[in-house]
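This report considers enclosed and open spaces first, and then the helices and strands around which the account is built.

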Amino acid sequence: MQHDLFPRTSLSLSPEAGRSGPRLWVRKLVVWSEPGKEIRTIDLRPGLNVVWSPDAEIGSSDPIGHGGGKTTFCRMLRHCLGEDSFSPAEQRHRIIETFPDGMVGAEVMIEGICWAVVRFFGRRQPIVVVGAASLDDAFSPDVEKVDLSDFRKKLADHVIGDAGTLMPSSIDPARRWEAVLAWMTRDQECRLRHHFEWRDPDSDSRSPVGGRSKDDLLAILRAAIGALTTAEIEARARDEEQSSELIRLRAELGRFDWQLARVGAGLKQANKLGASVGLQTQMEMEVIKKVIEDRTRSALDLPENALTELEPARAERERAASGLREVERRQTENDLKIEYAKRELSLVEAQLPKASAELDRNRNPVCPICKVALDAALTEGCQLAKECDLDELQLRIAATEAQVHELGDRLAQLQAAVAPLKSELAIARQTAERADRTVSRLESALVAHSRALREANRQADEIERHGAMSRERDETASAIADLESELARTKQSISDFLASQAAVIRDLSVKFDGVVRELVPGNVSGSASLDRRGLSLKIEYGGNRSTAAIESWKVVAFDLAALAMTIEGNTRLPGLLLHDSPREADLGMSLYERLFKFIRKLEGVGPAPLFQYIVTTTTEPPKEFLEEPWLRLELKGAPAHDRFLRVDL
């Protein structure tokens, strides 16, 4: 919504009918160093409550107002309203060491009924929560007590009501009250930087809003001011689901396109089709199918007589190989016989010279004993000469010569067989090689046929795969188109829901504009608008301004606008608002003073103040607010006794 669409009347509020006080407010806060020993008791009231820690004047020796314990007061109050932590870890440990039996308690008014809450600083002690009782009754054994979870549930039921069911499901239902509490009691560390900054990590608050996205915080805010419905939440869930599914389908479509391009390129290359041939239309698919079918039919045609001739050819190859082996065996055997005959002939021939020499010697030998020629010895009767038989020696020589002739003839016969065997071996080899070539040719033809058939079948499978993927791709594209239409309808329904909340946002914008003009003098205006990007705040002050100071104005004005809506009964907020040191967050002095006056003006709406606004400050408020009933607590940074816990930690 644009602010110029809203009426520019001055801020006027109509109090919620029948209400005489805030839905929730804190009546008293008490700090004990140990049971029965109070450190502080702070009485609070509906309307404006000021906690002041005076800052020193320039040139003064008085202690500064910072460090007096304002933020500790705020956090202990939040602690009594259900938040887990009452200070950052280091300070918390020092407080527990200083006050091992210390505790903080509050009287919390919920729809006019007082609840007493006591929480011990140390974790070993139980939490005391008492319904319909004051702090004086908290430790009475006669009073029924409940635990913190029951107290939080009571706060959720009586304060935020059904708005809790509209908050993000990731927030524990038992802690959704704390989400609203975080908005209404911002951390000082957030420095009023943005209307969606409620809890700073350095505060160690353990709030359920810590680390939340702005979408979650917006949902909490809208639920609390009545600008959110279950139907819109369901529509947003559908939007998220449909958007995620659309992303998935688009990625799947991209994968299909990539796979189809790859398979198509392979089909065109394998079938020698030009780059101009596409695979998108049915006609183009029929062309490539025809090519593949022709290729398959061609592959099914076997080479002529290839199968019938193969087995006889293999048998002939085996016979030729067997014949070749037989000729090679006979050649080897003949070669061995030749070699043996040569050796035997050589040995026999070697005996002839020796036998001839012995014959020559024995034809006229000399007796080795008497040294007389054997012919003389024979006439004279020498026994040795008688023992030498020349005839026998000649017979032996003749036998050896005959053996030589026989061996020579046999060797000649063996050598004569070498040439025919070589010729026979050559013929056998040619026959075997010819048979082997025939078998190889026939087998190669069958292998080529088998390969061609396999490739044809593979191409047929590829074209079928391409077709199946094309169908899946078309189905995915159709699903994307349908989902885009559904998503557009969902987004339109969300926009319609946002438009249906125009009255609430318009009321917020009117209140925001009215608060801005109450706080800032001059020609200034403010507006709030809600769209799919979130909740936007604008301040027109001589143009659209956006500075650190103006951002702080926006946050303060926004919170007060929500408080104004609560006064009229149009939100599920507690009616409690706490600002910790807004002056230190670049809030101008003139605006700061007008803030107090505006809050006092709000006190007059209704039979009694219908809200509780607690503000802490070091800057001196306007004089009229430095007294009862508005000034509830004054702290100092020194001496220690004037600090919130009355000690230096």
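In this predicted model, the second largest cavity holds about 40 Å³ of space. Its lining is made up of Glu 16, Arg 19, Gly 21, Pro 22, Arg 23, Thr 566, Ile 567, Leu 573, Pro 574 and Leu 610, and by class these residues comprise five nonpolar, two polar and three charged. The count of cavities of 30 Å³ or more comes to three, and the largest of them has a volume of about 80 Å³. Eleven residues line that largest cavity, with Arg 186, Asp 187, Gln 188, Leu 192 and Asp 580 lying nearest its centre.

Open space is represented by the largest pocket, whose volume is about 610 Å³. Its lining consists of 20 residues, and those nearest the centre are Asp 215, Asp 216, Ala 219, Arg 236 and Glu 240. Two helices, α5 (214-225) and α6 (230-270), each contribute at least two residues to the lining of this pocket. The table sets out the volumes and the linings by class.

| Space | Volume | Nonpolar | Polar | Charged |
|---|---|---|---|---|
| Largest pocket | about 610 Å³ | nine residues | three residues | eight residues |
| Largest cavity | about 80 Å³ | four residues | three residues | four residues |
| Second largest cavity | about 40 Å³ | five residues | two residues | three residues |

Turning to the strands, β11 (residues 612-617) is largely enclosed by the rest of the structure, because six of its six residues are buried. The burial extends to both faces of β11, with Gln 612, Ile 614 and Thr 616 on one side, and Tyr 613, Val 615 and Thr 617 on the other. Strand β3 (residues 47-52) runs parallel to β11 and is joined to it by six bridges, and within this pairing Val 50 stands opposite Val 615 of β11. Strand β10 (residues 576-580) also pairs with β11 in the parallel sense, over five bridges, and here Leu 576 stands opposite Gln 612 of β11.

An antiparallel arrangement is found for strands β8 (residues 525-531) and β9 (residues 534-540), which seven bridges join. These two strands form a hairpin, with two residues between them, and Leu 530 has Leu 535 in β9 as its bridge partner.

Which residues of helix α1 are buried? They are Lys 70, Thr 71, Thr 72, Phe 73, Cys 74, Arg 75, Met 76, Leu 77, Arg 78, His 79 and Cys 80. Since these amount to eleven of the eleven residues of α1 (residues 70-80), the helix is largely enclosed by the rest of the structure. After α1 comes Gly 82, which has a positive phi, near 115 degrees.

At the level of the whole protein chain, there are 15 helices and twelve strands, and 46% of the 649 residues count as buried. Among contacts between residues at least 6 apart in sequence, 71% join residues at least 24 apart. The protein chain exposes about 32500 Å², of which carbon and sulfur atoms supply 51%.

Conventions: Residues are numbered from 1 along each chain as its sequence is written. This is a predicted model: local features need pLDDT of at least 70, side-chain atom pairs count only at pLDDT 80 or more; totals for chains, interfaces and linings use all residues. Side-chain values use heavy atoms; hydrogens and water are left out. On a 1 Å grid over the protein atoms alone, a cavity is a set of points where a 1.4 Å probe fits but cannot get out, and a pocket is an open set with protein on both sides within 12 Å along at least five of seven lines; lining residues have an atom within 4 Å of a point. Grid points are joined across faces, edges and corners, and a volume is the space filled by probe spheres set on the points. Helices (H or I, at least four residues) and strands (E, at least two) are DSSP runs, numbered from the N terminus. Ala, Val, Leu, Ile, Met, Phe, Trp, Tyr, Cys and Pro count as nonpolar, Asp, Glu, Lys and Arg as charged, and the others, Gly among them, as polar. Two strands pair if DSSP finds at least two bridges between them. Buried means under 20% relative accessible area, exposed over 50%, partly exposed in between (1.4 Å probe, protein chains only). Contact means heavy atoms within 4.5 Å. Accessible areas come from the Shrake-Rupley method with a 1.4 Å probe; for residues, only the protein chains shown count as cover.
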